[in-house]
Amino acid sequence: MKRIAIIGGGGYTSSELLRLLVGHPHFEVVRITSRSNSGRRVSEVHPFLESLIDLSFEENEPNLVTRDVDLVFLALPHGVTASFVKAIGPTEVPLVDLSGDFRLNDPSTHNHTYPETPLLSDLRNEFVYGLPELFRDQIRKAKNVACPGCFATGAILALAPFADANLITGSPIVDGKTGSSGSGASASSTTHHPERVERFSAYGALTHRHAPEIHQALNELQSDLKPITFVPHSTPMVRGIYTTAYIDNRNHKLSPEAAREKIADFYQDETFIRLRPSPSDCGVVARTNFADLWATSNNEVIVVTSAIDNLVKGAAGQAIQVANLIFDLPETSGLLFPGTRP
Ligand SMILES: NC(=O)c1ccc[n+]([C@@H]2O[C@H](COP(=O)([O-])OP(=O)(O)OC[C@H]3O[C@@H](n4cnc5c(N)ncnc54)[C@H](OP(=O)(O)O)[C@@H]3O)[C@@H](O)[C@H]2O)c1
């Protein structure tokens, strides 16, 4: 068994890592840290784990987190993570980070997007962008991995088959919708249930931090890609990222069948990507590591939809998929289970 540590253990992505790792055949969580819960039992904070995990939270001590473990998942906020990684110091233990601190390669794009996070160029160069369906070989050889953002995962998976075929002309338009768990466990006026439950609005239009990483990843497939037009929306669902992407079809005139064939061909060997016969649905992928895609078109536009669970394929599930690759384990280990109905 590989010995796993989780840092930032009181949050939503950590609770999802714990849920998924309880059933993992090759990983065992042996350390979990938390500033606010140090000394408490894990099942006290995450009650659904009662009788399934026998562990207490430790202090968030950077110099101790890598001791006697084979891999560390970092589930801290952006801004906090980079300083924490610096404080860990040199280590051979792979770090799999869920924050945005090490996702962007270009220094000026990083400084503009995450001004609160120091660049730390040497450390940054040790991180590979962790979207397995696109960067599997790099992840296998990586020292450390920066997992994609949840919006970015949904958007990149929707557009990649078309970028790979150089079919994206102009700025692709990406309309993202997130559930409230995307903002983490601490309630604010925009995430508190009574405030949120009957609301649905756009936010961060054209300024959201995930747009540059969507562009960075797709640009590896289509080098002349224009910047992404990205508008996120906040919805009343708890889990889920729903993406609707629009690609100019006036030159290519791809039929709906041809658009769907592009997706089927590009992802033909991918277990976690499913091409649906009808528009993707967040309810179908909730609590799973699947990303469900669908496409249609007319002579003007190709429309692609994708649905993922933000905490699974958009965070903890994808991070475990990455860890499986790092240890050369079957990529689907511990992740191949269906959703629920209802
Ligand atoms: N939620 C999602 O859907 C999602 C998806 C993809 C990526 N992510 C990323 O994953 C990371 C964790 O997200 P989350 O949703 O789990 O957030 P969260 O529920 O707010 O949890 C973050 C945890 O970080 C710790 N923390 C907060 N401020 C800290 C500080 N100043 N110093 C040290 N520790 C601090 C807290 O843990 P303790 O008090 O327990 O120490 C907290 O429980 C973030 O970077 C987020 O952007 C989230």
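Q: Which element gives the largest share of the lining of the second largest pocket?
A: In this predicted model, α9 does, with four residues.

Q: Which elements give two or more residues to that lining?
A: They are α4, spanning 107–113, and α9, spanning 210–219.

Q: How many residues line the second largest pocket, and which lie nearest its centre?
A: The lining has 16 residues. Nearest the centre are T109, H112, T113, A211 and P212.

Q: And what is the volume of that pocket?
A: About 390 Å³ for the second largest pocket.

Q: How do the lining residues divide into nonpolar, polar and charged?
A: Seven are nonpolar, seven are polar and two are charged.

Q: Which domains does the lining draw on?
A: Domain 1 (2–125) and domain 2 (150–309) each supply at least three residues to the lining of the second largest pocket.

Q: Switching to sheets. What is the strand order in the six-strand one?
A: The order is β2-β1-β3-β4-β6-β5, in an open sheet with parallel pairing.

Q: Why is one side of β2 and of β5 left without a neighbour there?
A: β2 (27–33) and β5 (127–129) are at the edges and each has a single partner strand, so one side of each has no neighbour in the sheet.

Q: What does the twist average from one strand to the next?
A: The average is 25° in that six-strand sheet.

Q: How many bridges join β1 to β2?
A: Six, and the two strands run parallel; β1 covers residues 2–7. Across this pairing, I4 is opposite V29 in β2.

Q: What about the sheet with seven strands, what is its order?
A: That open sheet runs β8-β9-β7-β10-β13-β12-β11, and its pairing is mixed. At its edges are β8 (201–202) and β11 (273–275), each with a single partner strand, so each has one side without a neighbour in the sheet.

Q: Which way do β11 and β12 run, and how many bridges join them?
A: They run parallel, joined by three bridges, with β12 at residues 291–297. R274 stands opposite D292 in β12.

Q: Last topic, aromatics. How many aromatic pairs does the count come to?
A: The count comes to six aromatic pairs. One of them is F151 with F230.

Q: Why does the pair of F151 and F230 count as edge-to-face?
A: Their ring centres are 5.3 Å apart and the planes are at 75°; planes over 60 degrees apart count as edge-to-face, so this pair does.

Q: Where do F151 and F230 lie?
A: F151 is in helix α7 (residues 150–164) and F230 is in strand β9 (residues 229–234), so the pair ties together parts 79 residues apart in sequence.

How values were computed. Residues are numbered from 1 along each chain as its sequence is written. This is a predicted model: local features need pLDDT of at least 70, side-chain atom pairs count only at pLDDT 80 or more; totals for chains, interfaces and linings use all residues. Side-chain values use heavy atoms; hydrogens and water are left out. On a 1 Å grid over the protein atoms alone, a cavity is a set of points where a 1.4 Å probe fits but cannot get out, and a pocket is an open set with protein on both sides within 12 Å along at least five of seven lines; lining residues have an atom within 4 Å of a point. Grid points are joined across faces, edges and corners, and a volume is the space filled by probe spheres set on the points. Ala, Val, Leu, Ile, Met, Phe, Trp, Tyr, Cys and Pro count as nonpolar, Asp, Glu, Lys and Arg as charged, and the others, Gly among them, as polar. Domain bounds come from an automatic or database domain assignment. Two strands pair if DSSP finds at least two bridges between them. Axes are lines fitted to C-alpha atoms, for helices over the stretch in contact, and angles run from 0 to 180 degrees between N-to-C directions. Rings of Phe, Tyr and Trp (its six-membered ring) pair if their centres lie within 6.5 Å; planes under 30 degrees apart count as stacked, over 60 as edge-to-face and the rest as tilted.
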